[in-house]
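Here's a walk through one protein model, taking in its backbone oddities, its helix packing and its empty spaces. Have a look at the structure first, then read on.

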Amino acid sequence: MRKLTGLKVPGALLATLLATSAVMADPVDDTLTINGETEIVVRTAAPEHLSGAMSEIMSGWLFREDDTRIMQADDFDNPGMIFVELAEDSWNMAEGSNGKSCADCHGASADMSEVRPTYPKWNETAGEVRTLEMQINDCRTNQMGAEEWKYTGNDMVNMTALLASVSRGNVVNVAIDGPAQSTWEQGKEIYYTRYGQLNLSCSNCHEDNYGNMIRADHLSQGQINGFPVYRLKNTKLNSAHDRFKGCIRDTRAETFSPGSPEFVALELYVASRGNGLGVEGPAIRN
């Protein structure tokens with residue numbers, strides 16, 4: 001990605017976009033319980049590493065309209081659950097030269113409830129931070145003898161939605177110390193770096209201006225505890241890296257690719273900003 005510097009107007013442009021809306025969209029005072037039984041943590045004290053930046057972290061669910069929040073609270077109304085059901089079929093389907101399914105090694109998908117909250121995470125054998133997508137493809141190629149899935153393809157996004165859905169009720173707990181720290185630091189640098197012709201960083205919107213209206217929507221803290229999310233805008237499940245790509249594109253900058261080291265680092269950092277929030281995927285957003 002190319003960083004464009006020396007632009008003074010964009011800061012004023014952002015202020016204008018925010019000011020012309022003339023509306024503050026404060027997060028609602030609401031609680032999220034899925035299907036009337038699974039409570040999700042949607043606001044809590046910020047993790048220690050955000051000291052000085054914010055004292056409280058909040059799910060994007062709190063910044064949505066009433067009908068959207070209600071839709072997410074019931075799996076029968078949540079359109080993202082259709083894709084979870086497709087992934088359940090894939091979970092139990094034998095593939096590849098080894099004739100194995102995910103279930104052959106891992107058991108029922110419901111037994112994977114502790115997985116999603118810890119990703120991205122350091123993989124000692126590979127010597128790298130891995131996202132859930134990277135680990136899924138490692139299982140497919142090395143354990144099943146099957147072809148990799150496209151990083152943001154339908155099969156992959158559906159499977160991450162399944163693993164998120166069985167983790168609902170648990171809280172995000174991404175490790176950022178030890179060998180993962182250098183990747184986390186890289187992600188933090190990307191988060192605070194201004195990019196593109198609009199000269200904006202992630203923090204300009206999601207840290208400095210959350211709760212403000214911008215164009216036809218209002219800004220949340222940009223938490224990713226709900227990913228993958230079903231967006232009403234494009235009527236499909238969207239991965240976190242697709243959202244990163246879209247945000248950076250909107251700054252009119254050259255973007256990184258899904259699955260790139262840069263986006264892996266950014267995901268680790270952004271995920272860690274939500275440590276303590278409940279896993280709620282597949283969430284529903286605008």
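## Backbone, packing and hollows

Just past helix α9, Arg-252 has a positive phi of about 65 degrees. Helices here are DSSP runs of H or I with at least four residues, strands are runs of E with at least two, and both are numbered from the N terminus. A word on the model: it is predicted, so local features need pLDDT of at least 70 and side-chain atom pairs count only at pLDDT 80 or more, while totals for chains, interfaces and linings use all residues. Residues are numbered from 1 along each chain as its sequence is written, and side-chain values use heavy atoms, with hydrogens and water left out.

Back to Arg-252, which sits in the loop between α9 and α10. Buried or exposed? Arg-252 is exposed, with a relative accessible area of 55%. (Exposed means over 50% relative accessible area, buried means under 20%, and partly exposed is in between, using a 1.4 Å probe and protein chains only.) Asn-199 is another non-glycine residue with a positive phi, near 55 degrees. Asn-199 belongs to the loop between α7 (181-192) and α8 (202-206), and is buried, at a relative accessible area of 10%.

Why point these out? Most residues other than glycine have a negative phi, and most peptide bonds are trans. On the peptide-bond side, Tyr-119 to Pro-120 is cis, with omega near 0 degrees, and Pro-120 is in the loop between α4 and β5 (121-123). Phe-227 and Pro-228 are also joined by a cis bond, with omega about -5 degrees. Pro-228 falls in the loop between β8 (217-218) and β9 (229-231).

Now for the helices. In α9 (residues 240-250), the buried residues are Ala-240, His-241, Phe-244, Gly-246 and Ile-248. They pack against β10 (236-238) and α10 (261-273). Contact, here and below, means heavy atoms within 4.5 Å.

α10 also packs with α7, at an angle of about 90 degrees and with the axes 7 Å apart. That makes α7 roughly perpendicular to α10. The axes are lines fitted to C-alpha atoms, for helices over the stretch in contact, and angles run from 0 to 180 degrees between N-to-C directions. Angles of 65 to 115 degrees count as roughly perpendicular, under 35 as roughly parallel, over 145 as roughly antiparallel, and the rest as oblique. On the α7 side, the residues in contact include Trp-184, Ile-190 and Tyr-191, and among their α10 partners are Leu-266, Tyr-269 and Val-270. This α7 and α10 contact has 10 nonpolar, 4 polar and 3 charged residues. (Nonpolar covers Ala, Val, Leu, Ile, Met, Phe, Trp, Tyr, Cys and Pro; charged covers Asp, Glu, Lys and Arg; the others, Gly among them, are polar.)

How do the axes of α3 (residues 81-91) and α6 lie? They come within 8 Å and cross at roughly 100 degrees, so α3 and α6 are roughly perpendicular to each other. By class, their contact has 9 nonpolar, 3 polar and 1 charged residues.

On to the hollows. On a 1 Å grid over the protein atoms alone, a cavity is a set of points where a 1.4 Å probe fits but cannot get out, while a pocket is an open set with protein on both sides within 12 Å along at least five of seven lines; lining residues have an atom within 4 Å of a point. Points are joined across faces, edges and corners, and a volume is the space filled by probe spheres set on them. There are 2 cavities of 30 Å³ or more.

| Space | Volume | Lining by class |
|---|---|---|
| Largest cavity | about 120 Å³ | 6 nonpolar, 2 polar, 3 charged |
| Second largest cavity | about 60 Å³ | 7 nonpolar, 3 polar, 1 charged |
| Second largest pocket | about 290 Å³ | 13 nonpolar, 4 polar, 1 charged |

Both partners of each cis bond turn up in the largest cavity: its lining includes Tyr-119, Pro-120, Phe-227 and Pro-228. Ala-240 is there too. The lining of the second largest cavity includes Arg-116, Tyr-119 and Val-270.

The second largest pocket has 18 lining residues, with His-106, Met-112, Gln-135, Ile-136 and Cys-139 nearest its centre. α4 (102-106), α5 (132-144) and α6 (154-165) each supply at least two of them, and α5 gives the largest share, 7 residues.
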